[in-house]
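Got your viewer open? Let's take a walk through this protein together, one selection at a time.

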Amino acid sequence: MVYYQKMTPQGYQKIKDEIADLKKDRPRRIKILQEARSLGDLSENTEYTEAKRDLGHLQSRLRYLEKQLKYAEIIEKKADGKVDLGKTVTLKFADDPETETYQVVGRMEADIGAGKIAFDSPLGQAIMKKEVGKTVNVAAPAGEYRVTIEAIE
């Protein structure tokens, strides 16, 4: 069975952009490797070893990202009034008078610092398919807490 990675159209495009950047950088890395190889004895050539390692990392990253695109399932936003992938939600935590706004995204796109939470994170799982005004319990590794959905965009 193949598992498809759910993501937003923006997340899919971000991966495509990173692949394009890596492919542009690849010839430069190959040239660095060739120059380092021409320096002589490969057994004691640190520049060659580093250039070879860097090119390997780049190629490995390219393979990984291309596989992510191959198994991507792009989820479009639905206007159904429920929390879902791609939507932005405003949450009020029970122990905090302030509200927090997050975009619900796929696992690959999650970045809490940028206000993006994964749909399959403890918080994401608790609020998925819920409507405005709903209060839910979130079972997180650090303990359980309550949040209320204030708005969905």
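Start by selecting Val-89 and Ile-152: Val-89 stands opposite Ile-152, which is in strand E7. Keep in mind as you look around that this is a predicted model.

**Stop 1: E3 and E7**

Now widen the selection to the two strands that hold this pair. E3 and strand E7, which covers residues 143–152, pair in the antiparallel sense, and five bridges link them. Step one residue along E3 to Thr-90, and you'll find Ala-151 of E7 opposite. While you have strands on screen, here's a handy bit of background: in a regular strand, side chains alternate between the two faces of the sheet.

**Stop 2: the other partner of E3**

Keep E3 (residues 88–93) selected and add strand E4 (residues 99–105). Which way do they run, parallel or antiparallel? The pairing is antiparallel, over five bridges. To see two of the facing pairs, click on Leu-91, which has Glu-100 of E4 opposite, and then on Lys-92, whose bridge partner in E4 is Thr-99. Next, trace the chain from E3 into E4: the link is a hairpin of five residues.

**Stop 3: a parallel pairing**

Leave E3 for now and add strand E5, residues 116–118, to E4. These two pair in the parallel sense, with three bridges between them. For a spot to zoom in on, pick Val-104 and look for its bridge partner in E5, Ile-117.

**Stop 4: E6 and E7**

Go back to E7 and add strand E6, residues 135–140. How many bridges join E6 to E7? There are six, and the strands run antiparallel. Select Val-138 and you'll see Tyr-145 of E7 standing opposite. The turn from E6 into E7 is a hairpin too, through two residues.

**Stop 5: an unusual backbone angle**

Slide back along the chain to Lys-129, in the loop between helix H3 (122–127) and strand E6. Some background first: most residues other than glycine have a negative phi. Lys-129 has a phi near 65°, a positive value, and it isn't a glycine. Is Lys-129 buried or exposed? Somewhere in between: its relative accessible area is 44%, so Lys-129 counts as partly exposed.

**Stop 6: Gln-5**

Jump to the start of the chain and select Gln-5, found in strand E1 (residues 5–7). Gln-5 counts as buried because its relative accessible area is 11%, and the cut-off for buried is under 20%. Now show what surrounds this side chain and backbone. Leaving aside neighbours within four places in sequence, Gln-5 is in contact with Gln-68, Tyr-71, Ala-72, Glu-73, Arg-107 and Met-108.

**Stop 7: Leu-58**

Select helix H2, residues 46–70, and find Leu-58 in it. With a relative accessible area of 3%, Leu-58 is buried as well. What does Leu-58 touch, once neighbours within four places in sequence are set aside? The contacts are Leu-22, Asp-25, Arg-26 and Arg-29. If your viewer has a distance tool, try it from Leu-58 to Lys-16: these residues are 42 apart in sequence, and their C-alpha atoms are 15 Å apart in space.

**Last stop: the whole protein**

Clear your selection and zoom out. Switch to a cartoon view and you can count three helices and seven strands. Follow the chain from the N terminus and the order is β-α-α-β-β-β-β-α-β-β.

Turn the model around to get a feel for its overall form. The C-alpha atoms fill a box of roughly 70 × 30 × 30 Å along the principal axes. The radius of gyration is 22 Å, whereas a compact globule of 153 residues would have one near 15 Å. Buried residues make up 33% of the 153.

Turn on the surface next. The accessible surface comes to about 9,800 Å², and carbon and sulfur atoms account for 50% of that. Then colour by charge: there are 27 positive and 26 negative charges, and their mean positions lie 6 Å apart.

One more thing to think about as you rotate the model: among contacts between residues at least 6 apart in sequence, 50% join residues at least 24 apart.

Technical notes:
Residues numbered from 1 in each chain as written. Predicted model: local features only at pLDDT ≥ 70, side-chain atom pairs only at ≥ 80, totals over all residues. Heavy atoms only, no water. Helix = DSSP H or I, 4+ residues; strand = E, 2+ residues; numbered from the N terminus. Rg over C-alpha atoms; globule rule 2.2 N^0.38 Å. Buried < 20%, exposed > 50% of the residue type's maximum accessible area, 1.4 Å probe, protein only. Contact = heavy atoms within 4.5 Å. Areas by Shrake-Rupley, 256 points an atom, 1.4 Å probe, with all protein chains shown as cover. Lys, Arg positive; Asp, Glu negative; His and termini not counted. Charge placed at Lys NZ, Arg CZ, Asp CG, Glu CD. Pairing = 2+ DSSP bridges.
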